[in-house]
Amino acid sequence: MAARTGLVVAGAGARGAYEAGALTELLPRMTRTWSRPSVLVGTSAGALNVAALAGLSHLDPADAAAEVVDRWRSVRTDEVVALPSSAVRGAGAYVGDLLGVPAGLRRALGLPDRLTRLLDADRLRPVLDRVVDWDGLHDAVTRGAVDAVGVATTSADTGGTVVFVECGDDTRLPPYDAGRDIRYVRTRLSPEHLLASAAVPVLFSPVHLDPAYLDPADGTDLAGWYLDGGVRMNTPLKPALRLGADRIGVVATTPAVPDRPLRRDTDGAGPEHVPDVYAVAALTLRIVLGADVTEDLRTLRAVNDLVFHGTDTRHQRVGTWFAGPPVDRATELAELAHRVRRTEYGGLRALRNPSLLVLERLVGGAVPAAGAGADRTDHAELLSFLFFDPAFATAAAALGAEHAAGATRPDTAPRRSRARAR
C-alpha cells in the first residue's frame, strides 16, 4: 500500500480559527514534502476543520486552508450559542432543581424539567452546513481523494472514545482498542457527529446518535448519547495512525511540550490568594487540551529514537510535523482574545454583540486589568475558547500562521512502513 499522510487537528472551540490559520502554512508544506493528507482526524473544532478540508479537496491545499479561514471569519457568537436566552433557561432549571419544583410545573412554565446544559447550541447546525461542504466531503471519499475522515467523540454510556469514520471500501477499520478504550465506527458523517464531538460537558447538551448514524464493524449497538471527544482524546494521533497514516501533521493550540512551569504568586497576596473557579477551569482546559498531544508526541518521538538507534526493531519511524504555539509563546492566544475584546467591544461597543457580553460574564466577568497577573491570563484564556467573532477569528488565524511558519521541517524522516503509537 502506498504511504499515506495523516493530519490530526485538536479540539479548540473558537480557537479553531487559529488552527485554520496554522493550516495555511502547514498544509502546503506537508503536501510538498510528503503528500497531501488523505487521513484526516479531529476532535471538536478540529473535527470541523478536517471535515471542511475534506470537502475542499478539489482545491489547491493553500487555497483550501485559506477558504477554511474565511469560513471561520463568518461565524459570530450568537450563531453558536443562544444568549442571553441560554442564561435565563439555565438559571431557571438550576433554581428549579434547588427548590424541588416538579417537572410538570416547570414544563408548564416553559422551563426545562432538568438541567442538561448551560448553553443552547441548537443554532450551530446551520453554521456547520455553511462551513462544511458535506456533498464535497462524501464525493472526496467516494473518488479516493480522501481515504478517511475521523471524528472523535466520547460515549456518555461507556466513557470510552468512539471515532466515527467515513472512509473508502479499501480502508479497513481498526478493531476495538482495549488499552485506550477506542472504538471505530464506519458511518456517513453528518452535522450530528460534529455536534457530538463539540458537546463540551456542562456547557452543551450531549447529542443522541441513533442506529441510522451507526454502523459498528463488530456489531456492537452503540446507539446512545455522545459528547466532546476531548474528554478522553483531544488530539487523536493514535486513530490517525491506526487508519493507515505513515507520517503525520499535528495542529493544536497548546505547545507540544508542557507550556509553563508551576507559577508562584508574584503579587504578594500569599497563600490566601486562592485560585477562583475560572482559574481552575482554565487550568483544567490546559490539561485536557494539552496532555494527550504532549504524551503521544513524546511517545512517538521516543519510539522514533529507539528505531533510529536500532534498539526497537518492531516499529518503523513515523515523521511528525507539529504546528502550534512555541512553549515561550503559550499565552499569546489568550492575550489576543483580551486585546480584541477590549479594542472591538470595549465600553458601549459591547452593545454591538450582546451575546458576547453575557458570555463574558458566564466565564468570569470582565477580564482583570493589566497587572493582575495569572488571573487576567486565565480569564482571557477561558474567553478565547468561546469567542466566536470575525475580528478574533481573523487575528487568531494570523497568529496561527505565524506560529506554524516556525515549524519548517518535520521532526523525523519517515519511512514507508508505519509505527503505532503505544
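**Reading a predicted fold: cavity, helix and sheet**

Modeller: Start inside the protein. Leu27, Arg36, Pro37, Leu40, Leu53, Ala54, Ser57, Ala145 and Val146 line the largest cavity. Keep in mind that this is a predicted model.

Biologist: How is such a space found, and how many cavities of 30 Å³ or more does the structure hold?

Modeller: The idea is to roll a probe the size of a water molecule over the atoms, which shows where empty space is left. Here, the structure holds three cavities of 30 Å³ or more. The largest has a volume of about 90 Å³.

Biologist: What kinds of residue make up the lining of the largest cavity?

Modeller: Seven are nonpolar, one is polar and one is charged.

Biologist: Leu53 and Ala54 are in that lining. Are the residues of helix 2 buried or exposed?

Modeller: First, the general idea. An α-helix has 3.6 residues a turn, so residues three or four places apart point the same way. Now the case. Helix 2 covers residues 45-55, and 11 of its 11 residues are buried, so the helix is largely enclosed by the rest of the structure. Leu53 and Ala54 are among the buried ones. So are Leu48, Ala51 and Ala52.

Biologist: Which residues does Val132 touch?

Modeller: Leave out residues up to four places away in sequence. Val132 then touches Leu48, Ala51, Ala52, Arg71, Leu137 and Leu194. Three of those, Leu48, Ala51 and Ala52, are buried residues of helix 2. Val132 is also among the residues with the most contacts inside the largest nonpolar core, which has 72 residues. Others in that group include Trp72, Leu194 and Phe387. A second, separate core has 25 residues, and Val163, Val165, Cys167 and Val318 are among them.

Biologist: Val163 and Val165 belong to strand 4. Which way do the residues of strand 4 point?

Modeller: In a regular strand the side chains alternate between the two faces of the sheet. Strand 4 splits like this: Thr161, Val163, Val165 and Cys167 point one way, and Val162, Phe164 and Glu166 point the other way.

Biologist: Why is strand 4 described as largely enclosed?

Modeller: Count its residues. Strand 4 runs over residues 161-167, and seven of the seven are buried, so it is largely enclosed by the rest of the structure.

Biologist: How does strand 4 pair with strand 3 and with strand 5?

Modeller: Check direction, then count bridges. Strand 3, residues 148-155, runs antiparallel to strand 4, with seven bridges. Ala148 stands opposite Cys167. The two strands form a hairpin with five residues between them. Gly159 in that turn has a positive phi of about 80°. Strand 5, residues 182-186, runs parallel to strand 4, with five bridges. Val165 stands opposite Arg186 there.

Biologist: Which strands pair with strand 7?

Modeller: Strand 3 does, in the antiparallel sense over three bridges. Ser155 has Tyr226 as its bridge partner. Strand 6, residues 207-209, also pairs with strand 7 in the antiparallel sense over three bridges. Val207 stands opposite Tyr226. Strand 7 itself, residues 224-228, is mostly covered, with four of its five residues buried.

Biologist: How many helices and strands does the protein have?

Modeller: It has 15 helices and nine strands. Of its 422 residues, 55% count as buried. Now look at contacts with a separation of 6 or more. Residues 24 or more positions apart account for 76% of them.

Notes
Residues numbered from 1 in each chain as written. Predicted model: local features only at pLDDT ≥ 70, side-chain atom pairs only at ≥ 80, totals over all residues. Heavy atoms only, no water. Buried < 20%, exposed > 50% of the residue type's maximum accessible area, 1.4 Å probe, protein only. 1 Å grid on protein atoms, 1.4 Å probe; cavity = no way out; pocket = protein on both sides within 12 Å on 5 of 7 lines; lining within 4 Å. Points joined across faces, edges and corners; volume = space filled by probe spheres on them. Nonpolar A, V, L, I, M, F, W, Y, C, P; charged D, E, K, R; others polar. Pairing = 2+ DSSP bridges. Core = buried A, V, L, I, M, F, W, Y, C linked by side-chain atoms within 4.5 Å. Contact = heavy atoms within 4.5 Å.
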